[in-house]
Amino acid sequence: MRSVVVGGGFAGLLAAHVLAERGPVTLVERDPAGGARRGVPQGRHLHGLLDRGRRIAEQIHPGFTADLLAAGALTAEPLARTRWFLHGRRLHPTATGLTSVLASRPLIEDVLRHRTLAELHVGTASGVELDAGRVRGVRLADGSMLPADLVVDASGRASRLPDQLAELGVARPREDRVDVDLGYATRTYRRRPHDLGGDLNALVSTVPRSRGGGAMAVEGERWLVTLAGILGDHPPLDDAGFRAFAASLPTGPIGDLVAAAEPLDEPVPYRFRGSRHRRYDLLRCLPEGLLVLGDAVCSLNPLYAQGMTLAAQQVEALRTWDGRRTRELNRSVGRLCAAAWEIATRADLGLPEVAGSRPLPARVLDGYVTRVQRVAHADPVVARALIRVANLADPSTVLLTPPILRRVLRPGADATVAHEERVEVPA
Ligand SMILES: Cc1cc2nc3c(=O)[nH]c(=O)nc-3n(C[C@H](O)[C@H](O)[C@H](O)COP(=O)(O)OP(=O)(O)OC[C@H]3O[C@@H](n4cnc5c(N)ncnc54)[C@H](O)[C@@H]3O)c2cc1C
């Protein structure tokens with residue numbers, strides 16, 4: 001099977017490597033440079049790789065985590081040496097059995113790029129070639145054609161595939177949307193060992209207010225500090241405004257860090273209008289031989305850090321595909337997207353200002369999840385369960401099992417306790 005993968009970002013790099021086990025693969029990338037690059041503008045901002053995504057990348061590329069560590073990345077347990085604040089209070093520190101990789105997005109990509117077995121074609125894809133209801137290859141902007149039995153669109157959120165299909169007389173996929181008007185601003189700082197009391201990561205959720213952020217220790221003895229505001233409350237880019245926004249977060253560590261550490265660059269912005277799910281899984285007339293992965297099919301509010309892990313889950317489905325009908329594979333991808341979509345958009349729809357439907361059962365469940373989050377301030381068992389679900393390591397139904405239900409619904413269990421101090425957690 002000859003494959004062409006369009007886009008050498010996180011999804012495309014993993015997919016190209018997996019497909020190389022089945023035959024020749026060409027990876028088409030218009031911006032192949034390493035480091036922070038124009039083709040992936042979000043790459044300058046904090047990118048947490050959830051444990052589930054790291055494990056899948058590790059299965060595809062044994063030694064992936066070790067390569068990152070060798071390049072200066074760090075690892076931490078999500079609730080140890082990481083301070084995770086929800087509703088302005090720290091989740092109870094505890095062992096979770098999970099590993100977070102602390103690395104910049106360009107480093108994660110560089111490690112994957114060096115390991116990916118595919119022929120790189122530097123160029124811009126401009127469309128797909130169809131014949132008798134099947135994809136036959138990829139057209140390039142220079143007018144040439146790359147023939148293929150399988151074409152994978154992994155060209156990211158700005159994928160033009162819906163327009164290209166419409167030009168060929170194929171219907172566009174439906175697009176589900178939940179708009180949040182999120183603004184990010186990111187700056188790097190020199191890291192000193194005593195910063196953040198020796199901890200490596202602080203994450204402040206935008207729940208319950210519109211502002212949040214993260215400070216993550218990354219390669220090169222640096223802090224990557226991202227500030228975020230939803231519903232148009234975007235962080236400023238000037239020094240004083242950036243500091244003031246950091247100081248306005250509902251809890252102190254990020255503001256303190258920004259006030260004391262030495263900045264290494266100027267803040268850079270990113271505006272994210274909202275989550276999008278293009279429903280190729282529902283498109284009956286989708287040509288055979290075409291697969292859509294990564295942000296090109298589903299781009300989620302980055303506050304929940306699911307994007308790379310969702311892409312990895314999709315590539316895992318590709319890896320076990322029987323090689324017959326791509327329609328079935330697009331449906332499997334659609335099911336994975338729907339599960340992640342439910343987590344990300346339900347959280348956003350908790351804000352009354354966000355437009356979207358809120359069925360009654362979902363509202364009841366949202367009320368329960370809010371209580372889980374509050375109980376997790378004081379109860380390490382509930383904190384562990386919550387963080388394993390947030391890392392996509394366990395299904396969300398775990399939060400409804402009797403041992404967790406009993407702890408969450410116990411009267412007074414949500415009376416919150418602050419855990420500002422550093423707590424040692426056994427390995
Ligand atoms: C601000 C922000 C923060 C985020 N934070 C996180 C996080 O903490 N954790 C997480 O898991 N996810 C995060 N995400 C999501 C994550 O960035 C994406 O889910 C992930 O990059 C998806 O990878 P992809 O390969 O589908 O797309 P991309 O990584 O965007 O790659 C697309 C590639 O396609 C190439 N390309 C595009 N068009 C063409 C063309 N016509 N021809 C050839 N090449 C082309 C581009 O140059 C690029 O290399 C964040 C997103 C944003 C916006």
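Here follow short questions and answers on a predicted model.

Local features need pLDDT of at least 70, side-chain atom pairs count only at pLDDT 80 or more, and totals for chains, interfaces and linings use all residues. Numbering starts from 1 along each chain as its sequence is written, and side-chain values use heavy atoms, with hydrogens and water left out.

Visitor: How many disulfides does the structure hold?
Guide: A disulfide is a pair of cysteine sulfur atoms within 2.5 Å. Cys298 is in none; its nearest cysteine sulfur, that of Cys337, is 4.2 Å away. The number of disulfides is 0.

Visitor: Is Cys337 buried or exposed?
Guide: Buried means under 20% relative accessible area, exposed over 50%, and partly exposed in between (1.4 Å probe, protein chains only). Cys337 has 0% relative accessibility, so the term is buried.

Visitor: Which strands stand at the edges of the open sheet?
Guide: Strands (E, at least two residues) and helices (H or I, at least four) are DSSP runs, numbered from the N terminus. Two strands pair if DSSP finds at least two bridges between them. The sheet has 8 strands in mixed pairing, ordered β5-β4-β13-β14-β15-β12-β16-β18. Each edge strand has a single partner, so one side is left without a neighbour in the sheet: these are β5 (89-90) and β18 (298-299).

Visitor: What is the bridge partner of Ala202 in β14?
Guide: Strands β13 (residues 201-204) and β14 (residues 211-218) pair in the antiparallel sense, over 4 bridges. Ala202 has as its partner in β14 Ala215.

Visitor: Which side chain joins that of Arg187 in a polar contact?
Guide: A polar contact is a pair of N or O atoms within 3.5 Å; within protein, one must be able to donate a hydrogen and the other to accept it, and residues adjacent in sequence count only if both atoms are side-chain atoms. Arg187 sits in strand β12 and is buried at 4% relative accessible area. A polar atom of its side chain also lies 2.7 Å from the backbone oxygen of Asp265. The side-chain partner, at 2.7 Å, is Asp239.

Visitor: How many residues surround the ligand?
Guide: A residue is near a molecule or strand if one of its heavy atoms lies within 4 Å of it. The closest to the ligand are Glu29, Arg37, Gly48, Arg105 and Asp295. The number surrounding the ligand is 33.

Visitor: Where does an N or O atom of a side chain lie 2.8 Å from a ligand oxygen?
Guide: Backbone atoms give other distances. A polar one of Leu46 is 3.3 Å from a ligand nitrogen, and an N or O of Ala305 is 3.4 Å from a ligand oxygen. The side chain at 2.8 Å belongs to His47.
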